[in-house]
Amino acid sequence: MTKPLHLIVAGGGIGGLAAAFVLAGKGHTVTVLEQSAAFGEIGAGIQLGPNIFKMFDYLGLTEAVNQVAYFPPGLGMNDVRTGEQVIRVPLGETARAAYGYPYGLIYRADLHQVFLDACRAQPQVRLRTASKLASFEQDAHSVRVQLASGEVLQGDALIGADGLWSRVREAVVGDGKPRVSGHIAYRAVLKRQDVPAHLWNDEVLLWGGERTHLVHYPLRRGELFNLVAVFHSDKYDEGWNTFGDSAELNERFANAVPQVRELLSRIETWKMWVLCDREPVRNWSDRRVTLLGDAAHPMLQYLAQGAGQAIEDAVVLGQALRHTHDDVQQAFQQYQQERYLRTGRVQLTARFYGDIYHASGVQRELRNQMFQGGQESAGFAGLKWMYQGIDPDNLFH
Ligand SMILES: Cc1cc2nc3c(=O)[nH]c(=O)nc-3n(C[C@H](O)[C@H](O)[C@H](O)COP(=O)(O)OP(=O)(O)OC[C@H]3O[C@@H](n4cnc5c(N)ncnc54)[C@H](O)[C@@H]3O)c2cc1C
């Protein structure tokens, strides 16, 4: 390796920490700048496809993840109005046999903690809280990042992993605010003992309805129960952590089967997310600055891949640096070239899956008929390109 680089990562979410861990593993010094007073994650669930477990394996983190994950035996969709099963896809051994890796569920805070612990174990990672990137500039040899406090840091390159409302993206891509999808998510997590046996389900179950759906699944070895209810609304509140209006939610699910209404009624406080994405772009790097995760390719959650794609980004970025012998400008170009079509495809397919889940009228009947008449795994077969994942040792040929 040439002289180790000093890389600055803006954002200490799952993407930023994954990048720091990978890049430090390549021998570089990494400074992570997190604007919040402490590193942490919102308490909610994340689904992780086999493509992400492939990355955990590659990164040597499988054991740490397995200790806190939950592995569901299947994933299904029911019609929220009639209760009829639309489709069920077996997971467990079936997913392992098809993709070589499992399909798992994890508490976001637990996944974040896995990466935080991994970074803390790397002496070359410097983790800084209360460090908000305010602006940056670059010349032929370095980048200078100015924090909101006025402090200036110098490094060889900057990676903007600063999420959906990325400051770094504003300067690099300049495509304005994210696209507000008009879809709102309400989320809550219950302890297992607070879910009556007749409402508990070991699987990922999505109740699809007209312009609404509810998805629930167990987390953390089955000790928690995650619920996310989504509906179309014009409300817009920037941020990921505001309180939801239970009355509005209950109204949206007024036609749901009693089981769903009973489940929803057990939750006193919902947290709300306004769901946004962006049009895919092919260029998210500018010389010594690049983007990663939601900053580069924010997507709707309908394929449950946002965090997973951020982790794949981190792995590819590490490989690009290795492949270019640490020529950051060339590496950033190769990295985005390798990533933009795959992540763009996830962004666009996620929108399409949202339409399928929320179908109404004839569209809904056709969906049910199509899935029910098909193979058990029909709903998944079209996603093979995604779940097969990437092959880190076979890039850039
Ligand atoms: C309802 C919902 C369900 C989801 N379900 C799944 C799922 O099942 N599976 C999945 O893989 N993904 C899922 N996702 C997507 C996933 O949550 C995101 O894609 C992922 O968290 C993105 O990680 P990130 O690190 O890129 O960005 P973020 O998590 O947004 O992290 C960005 C970090 O940067 C910090 N920051 C921002 N600006 C600055 C600044 N100027 N200076 C310093 N720090 C800054 C922020 O405080 C934050 O810590 C879901 C998303 C939603 C909304």
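**Close-up views of a predicted model**

**View 1. The shell around the ligand draws on both helices and strands.** In this predicted model, α1, β3 (45–48), β17 (271–277) and α9 (306–323) each contribute at least two residues to the shell around the ligand. Among these elements, α9 gives the most, with four residues. The ligand is surrounded by 34 residues, of which the closest are Gly11, Gly13, Gly163, Gly293 and Gly306. Sorted by class, the shell holds 15 nonpolar, 14 polar and five charged residues.

**View 2. Six strands make up an open sheet with mixed pairing.** The order of the strands across this sheet is β7-β2-β1-β11-β19-β18. Its edges are formed by β7 (125–128) and β18 (285–286), each of which pairs on one side only. At the β7 edge, strand β2 (residues 29–33) and β7 run parallel and are joined by four bridges, and Thr31 stands opposite Arg126 in β7.

**View 3. Helix α1 lies across four strands of the model.** The strands in question are β1 (6–10), β2, β7 and β11 (157–160), and the helix, which spans residues 14–25, runs at about 170 degrees to β2. Helix α1 is also one of the elements that supply at least two residues of the shell around the ligand.

**View 4. The largest nonpolar core of the model comprises 119 residues.** The residues with the most contacts inside this core are Val9, Ala18, Ala19, Ala20, Leu158 and Leu292. For Leu158, leaving aside residues up to four places away in sequence, the contacts are with Ile8, Ala10, Phe136, Val143, Val145, Val168, Arg288 and Val289.

**View 5. Strand β12 pairs with both β17 and β15.** Seven bridges join strand β12 (residues 179–191) to β17, and the two run antiparallel; within this pairing, Ile184 has Val274 of β17 as its bridge partner. The pairing of β12 with strand β15 (residues 224–232) is likewise antiparallel and extends over nine bridges, with Leu190 bridged to Phe225 in β15. Strand β17 appears again in the surroundings of the ligand, where it supplies at least two residues of the shell.

**View 6. Strands β8 and β9 form a hairpin.** Four residues lie between the two strands, which pair in the antiparallel sense over five bridges, with β9 covering residues 143–147. Within this pairing, the bridge partner of Ser135 is Gln146 in β9.

**View 7. Ala130 has a positive phi although it is a residue other than glycine.** The phi angle of Ala130 is near 45 degrees, and the residue is found in the loop between β7 and β8 (133–138). Ala130 has 13 other C-beta atoms within 10 Å, and therefore counts as partly exposed, since the exposed class is reserved for residues with 12 or fewer such neighbours and the buried class for those with 20 or more.

**View 8. Arg221 is a further residue other than glycine with a positive phi.** In this case phi is near 55 degrees, and Arg221 is placed in the loop between β14 (212–219) and β15. Arg221 counts as partly exposed because it has 15 C-beta neighbours inside 10 Å, a number that falls between the limits of 12 or fewer for exposed residues and 20 or more for buried ones.

Note on methods. Residues are numbered from 1 along each chain as its sequence is written. This is a predicted model: local features need pLDDT of at least 70, side-chain atom pairs count only at pLDDT 80 or more; totals for chains, interfaces and linings use all residues. Two strands pair if DSSP finds at least two bridges between them. Two residues are in contact if their C-beta atoms, placed from the backbone, lie within 7 Å. Axes are lines fitted to C-alpha atoms, for helices over the stretch in contact, and angles run from 0 to 180 degrees between N-to-C directions. A residue is near a molecule or strand if its C-beta atom, placed from the backbone, lies within 6 Å of it. Ala, Val, Leu, Ile, Met, Phe, Trp, Tyr, Cys and Pro count as nonpolar, Asp, Glu, Lys and Arg as charged, and the others, Gly among them, as polar. A nonpolar core is a set of buried Ala, Val, Leu, Ile, Met, Phe, Trp, Tyr and Cys residues joined through C-beta atoms within 7 Å.
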